[in-house]
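Trainee: I'd like a close look at one loop of this protein and at what its neighbouring elements do elsewhere in the fold. Please keep it brisk.

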Amino acid sequence: MNDATLNMLGIAGSLRAGSYNLGLLRAAAGLLPPAVGLDIITLGDIPPYDADVQGQGDPAPVEDLKRRIIMADVLLIATPEYNYSIPGVLKNAIDWASRPPKTCCLRRKPVGIMGASSGESGTIRGQLALRQVFVFTDSLVMAQPELRVPNAGQKFDGQGVLIDEELRERLRAYLAALVEWTRLVGSI
Ligand SMILES: Cc1cc2nc3c(=O)[nH]c(=O)nc-3n(C[C@H](O)[C@H](O)[C@H](O)COP(=O)(O)O)c2cc1C
């Protein structure tokens, strides 16, 4: 453990303006441990993955995504659960980032996964599906603690602003654990 500045990249798995998951990331920005910065990215500009396009060079939004992943010491992904899995936009972005495998920017990258859903499960299945994707990329996903947010409609307002104090404290503890994990496995 040391005091070097740690750069976290927050990735929102939802494109919705009032997204609970984007709101979770925005709330995280105010709850970080000292000497940690959070940059947040949304995925609306990433085109559908196409190996022919990739063969001609990454489109600009993909280049930007990869550059920000490379610059980050740790990724913090906040994702909804769609049909017991992850949204296509998130899987698509990871597919781009994973190519070419030999120089994959996700390899050995520390990752934290959290998620909010309107239902009772709080993204438990979606988070498991995301963990599976990161097996191939050889990313260093933190196992515990988990941050699942069920019934998100009661914890965020209509603009996606976090209004629940208990969740705010769980998020603060989650971020502290993720920073500790990053310093442990990422040599930061
Ligand atoms: C296509 C689709 C599939 C969904 N599937 C699930 C699901 O499997 N489990 C769940 O808890 N919620 C599911 N939901 C509801 C989402 O949890 C809810 O829309 C949530 O607000 C999305 O996150 P966001 O606020 O960040 O956009 C689904 C929503 C959509 C649009």
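Trainee: Where is proline 100 found?

Mentor: Proline 100 is in the loop between H4 and strand S4 (110-116). Bear in mind that this is a predicted model. Start with the backbone. The peptide bond that leads from arginine 99 into proline 100 is cis. Its omega is near -15°.

There is another cis bond to look at. Glutamine 144 and proline 145 are joined by a cis peptide bond, with omega about 0°. Proline 145 has its place in the loop between strand S5 (140-141) and strand S6 (147-149).

Now go to the other end of H4. The loop between S3 and H4 holds tyrosine 84. The phi of tyrosine 84 is positive, near 70°, and this residue is not a glycine.

Next, follow H4 into the interior space. The structure has one cavity of 30 Å³ or more. The largest cavity encloses about 70 Å³. Its lining includes Leu90, Ala93, Ile94 and Ala97, and also Ile11 and Phe134. Three elements each give two or more residues to that lining: helix H3 (60-71), strand S3 (74-78) and helix H4 (88-97). H4 supplies the largest share, four residues. The lining of this cavity is twelve nonpolar residues, with no polar and no charged ones.

So much for the cavity; turn to the open space. The largest pocket holds about 150 Å³. The lining of the largest pocket has a mixed make-up: four nonpolar, six polar and two charged residues. Among the lining residues are Ser14, Arg16, Ser19, Tyr20 and Asn21. Pro80, Glu81 and Tyr82 line the pocket too, as does the run Ala116, Ser117, Ser118 and Gly119.

The ligand sits in this largest pocket. Around the ligand are 13 residues. The closest are Ser14, Arg16, Ser19, Asn21 and Asn83. Sorted by class, this shell has four nonpolar, seven polar and two charged residues.

Look at the polar contacts one by one. Serine 19 has a side-chain N or O atom 2.6 Å from an oxygen atom of the ligand. Asparagine 21 also meets a ligand oxygen through its side chain, with an N or O atom at 2.8 Å. At glutamate 81, the ligand partner is a nitrogen atom, 2.8 Å from an N or O atom in the side chain. On its own, the ligand has 620 Å² of accessible area, and the protein covers 72% of that.

Put the parts side by side. Proline 100 lies in the loop that runs between H4 and S4, and a cis bond leads into it from arginine 99. H4 itself gives four residues to the cavity lining. The ligand, by contrast, is in the largest pocket, where Ser19, Asn21 and Glu81 are among the lining residues.

Key:
Residues numbered from 1 in each chain as written. Predicted model: local features only at pLDDT ≥ 70, side-chain atom pairs only at ≥ 80, totals over all residues. Heavy atoms only, no water. Near = heavy atom within 4 Å. Polar contact = N/O pair within 3.5 Å; in protein donor to acceptor, adjacent residues only side chain to side chain. Areas by Shrake-Rupley, 256 points an atom, 1.4 Å probe, with all protein chains shown as cover. 1 Å grid on protein atoms, 1.4 Å probe; cavity = no way out; pocket = protein on both sides within 12 Å on 5 of 7 lines; lining within 4 Å. Sits in = over half its atoms within 2 Å of the grid points. Nonpolar A, V, L, I, M, F, W, Y, C, P; charged D, E, K, R; others polar. Points joined across faces, edges and corners; volume = space filled by probe spheres on them.
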